[in-house]
Amino acid sequence: MAGKWMAGVADSSSGSEPPSAERWVPVSVPGRPLELLEEGYDIDNLLENPICYRTTIGAPRVNATDRTQFAFHGAHGLTRAWINGTEHDLEESTYFDPTRLEFDADDALEHGDGEIELLLAFDPTRSPGGLFGREQVPASHSLPGLWWGADLEVRPATFVRRVRANPRVDLDAGTAEIDVELEIDIGSDDPLDDSITLSLRPEGFRGGGSMDRVAVSGAPGTTQTMSTTLEVRDPKLWWPHGYGPQHRYTVRVKLGADSTEQTVGLRQVDWVDDELRVNGEQVRARGLTRLPGAAPAADVDLALEANANLLRVRGHVPRPDLYRACDEAGILLWQELPISGVTFEADRARPLLESILTHYGSHPSLGLIGVQTEPSDPFEKPLGSGRLARAGFRWRAWRARCDDHDAQTVSANVPADLVAIPVTGAPGLGAMASTLSPGWQYLEAADIDWLLERYPHLGTLVGGFGAASISDDVDPASVSGIDSTVFNHRISEGDSSQALQARILETVADGLRRRSAGVLVASSLRDVEPGGGPGIVAKDGEPKPAFEALRTVYEPVTVLFESEPTAGTTVSLVVANDTDNPLEIPVRWEAGTATGEVTVAVDSHGRATAGDAAIPADAEAMSVTLETPDAPLERKIYL
């Protein structure tokens, strides 16, 4: 919606009169009102006092029977609205559920001298939940505002208010259907007696489209709901990147002059026998945690560059752009409910789950739903390394507790074609998805092998592992997402935290892939603020050393080490093949003056040993080259 937006701290937000502000500051929409911070407002003040937005737009072009409404997207904290001084009711909704405000354009213009002034009031004390308001992201991320934008919509008197398309796939029969639920708003003076036309067309490929007509009727001023099913002839499935094409279909709904579209994909995601399966076929998911703040398309590009095929959307619900980009790129999404903390509120979780499924359920990239995250952390106090530290680890894991009854109950509402993850958490909690921190919170990174030998279940579905790093001359205590106690426990003065982060990620990912983890997710893709964080790239997108280290380990076909290569030792090599095809791969290694070469046969989704490499005591580096089907891959380790 074009127009200049202004924001300010409201003098008052009570009573029927519109709020005023001592100062009005130009702000960007979409976005958060960070310009207020630049004008000298204190962040704590902004998070405690009402904030108001205002803008003025020209008269919309409407017919006599048209209906006008504002649609606010990502409207966190929006509680009240005035149009040319008249207050309008707003329904309470989550920030990822569009807030719509219908109004009489002619009436508004009569009171506005040919223009429409919109004034919005936001309550910053309403928490968006999840990671917002917590230490993992800056406080400015919780500022209320129009995070994703606003539109002025002109609709016919009677229009389709909501479309929800739910694909269903029968893999055994090779058939697919799309259940379509509709909500029709009848605003005309006459009863509705018409028919709705539904069409299905493939996007960018040849396939069987279809069309259907459904009768609809209702009294003036009512809302009618209805449902129908579209058959998909010769269905084409959507696959994750590297496993097949990303076929999608468009469902178009037309009622009179009104029409709306929704893009869907046909896929089925399961977790069976400690394996992730998409459309009945095994998929190895190599993932990264996605935190709020960055442009969705840029994050998807970075994930692909890092050889990831999954993003864990932790503690927030992203704008729809991320889902669309992942649909196109073939990136699976692990969407978490925006709930955090020790106390799990099942009554709040159920409507959040339903809202996520309503708005994002048709996207084929949605593959996993996380319900409860990190209910407690038995390793909040860092542990060192060695025999005593391992004993301490076992003791803390044994004493850890988690009541997952409510999370399990909510998980039962996740559709059968998605993977429900009731709890994601630290060792000892009995969580379906584990978060691991060797080399950072406890033990050493190389202890990943001991950890998985003692607790094999921790390595099947891994929701997080990694370490944090900072830029030079940055205080770790000032950076969101960094526990300064853990950081100072690991990093000595003068050491490079970025180099250590790279070594930890590389070592742990190496161990998880050797043991054929079904899902492994590194923390995180991108820092949420300048100065550092758990990301493998900085906030501005500049790669850290950890990016290249993880990218190499995340190659679909790569070489792994049975132990950390060091000068004067012998290390066993393992070839990992996450593709659907068995391969024969020439492997060459070089360390100082020593070399070796062997051809390895490795099954699809398999692992195969490639012999031992004896590293000379004076070697400074070791490199291993694989002649993969696409291009040679070199993995180099400095000793």
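**A chat about loops, cores and one helix**

Trainee: Where does Ser524 lie?
Mentor: Ser524 lies in the loop between E28 and strand E29 (532-533). Keep in mind that this is a predicted model.

Trainee: Okay. Is the peptide bond from Ser523 to Ser524 cis or trans?
Mentor: That bond is cis. Its omega is near 5 degrees.

Trainee: And what about the bond from Val29 to Pro30?
Mentor: The bond from Val29 to Pro30 is cis, with omega near 5 degrees. Pro30 sits in the loop between strand E2 (25-27) and helix H1 (35-38).

Trainee: Let's zoom out. How many helices and strands are in the protein chain?
Mentor: The chain has 12 helices and 36 strands. Its radius of gyration is 27 Å, and the globule rule gives 26 Å for 639 residues, so the chain is as compact as a globular protein of that length.

Trainee: What does the C-alpha trace span along its principal axes?
Mentor: About 85 × 60 × 45 Å.

Trainee: What share of the residues is buried?
Mentor: Buried residues make up 55% of the 639. The accessible surface comes to about 27100 Å². Carbon and sulfur atoms hold 43% of that surface.

Trainee: How much of the contact count comes from residues 24 or more positions apart?
Mentor: They account for 69% of the contacts with a separation of 6 or more.

Trainee: Now charges. How far apart are the mean positions of the positive and negative ones?
Mentor: They are 4 Å apart. The chain has 55 positive and 98 negative charges.

Trainee: On to the inside. Which residues have the most contacts in the largest nonpolar core?
Mentor: Phe393, Phe465 and Leu512. That core has 95 residues.

Trainee: What is Phe393 in contact with?
Mentor: Leave aside its neighbours within four places in sequence. The partners then include Phe379, Leu383, Pro427 and Tyr442. Leu443, Trp450, Leu451 and Tyr455 are also among them. Apart from the largest core lies another core, of 45 residues. Leu230, Trp239, Leu276 and Ile421 are among its members.

Trainee: Which residues of helix H12 are buried?
Mentor: H12 covers residues 545-553. Ala546, Phe547, Ala549, Leu550, Thr552 and Val553 are buried there.

Trainee: What do those buried residues pack against?
Mentor: Two helices, to begin with: helix H4 (296-305) and helix H11 (497-514). They also pack against strand E20 (285-290), strand E28 (519-522), strand E30 (557-561) and strand E36 (632-638).

Trainee: New topic. Where is Cys402?
Mentor: Cys402 is in the loop between helix H7 (387-399) and helix H8 (405-411).

Trainee: Why does Cys402 count as partly exposed?
Mentor: Because its relative accessibility is 24%, and partly exposed runs from 20% to 50%. Not counting residues up to four places away in sequence, Cys402 touches Pro375, Val423 and Leu429.

Trainee: How far is Cys402 from Ala308?
Mentor: Their C-alpha atoms are separated by 30 Å. Along the chain, the two are 94 residues apart.

Trainee: Last one. What is phi for Asp274, positive or negative?
Mentor: Positive, about 60 degrees, although Asp274 is not a glycine. Asp274 lies in the loop between strand E17 (269-272) and strand E18 (275-278). With a relative accessible area of 46%, Asp274 is partly exposed.

Trainee: And phi of Ser516?
Mentor: Phi of Ser516 is near 60 degrees, a positive value in a residue other than glycine. Ser516 lies in the loop between H11 and E28. Ser516 is partly exposed, with a relative accessible area of 24%.

Notes
Residues are numbered from 1 along each chain as its sequence is written. This is a predicted model: local features need pLDDT of at least 70, side-chain atom pairs count only at pLDDT 80 or more; totals for chains, interfaces and linings use all residues. Side-chain values use heavy atoms; hydrogens and water are left out. Helices (H or I, at least four residues) and strands (E, at least two) are DSSP runs, numbered from the N terminus. The radius of gyration is taken over C-alpha atoms; the globule rule is 2.2 Å times the number of residues to the power 0.38. Buried means under 20% relative accessible area, exposed over 50%, partly exposed in between (1.4 Å probe, protein chains only). Contact means heavy atoms within 4.5 Å. Accessible areas come from the Shrake-Rupley method with a 1.4 Å probe; for residues, only the protein chains shown count as cover. Lys and Arg count as positive and Asp and Glu as negative; His and the chain ends are not counted. The place of a charge is taken as NZ of Lys, CZ of Arg, CG of Asp or CD of Glu. A nonpolar core is a set of buried Ala, Val, Leu, Ile, Met, Phe, Trp, Tyr and Cys residues joined through side-chain atoms within 4.5 Å.
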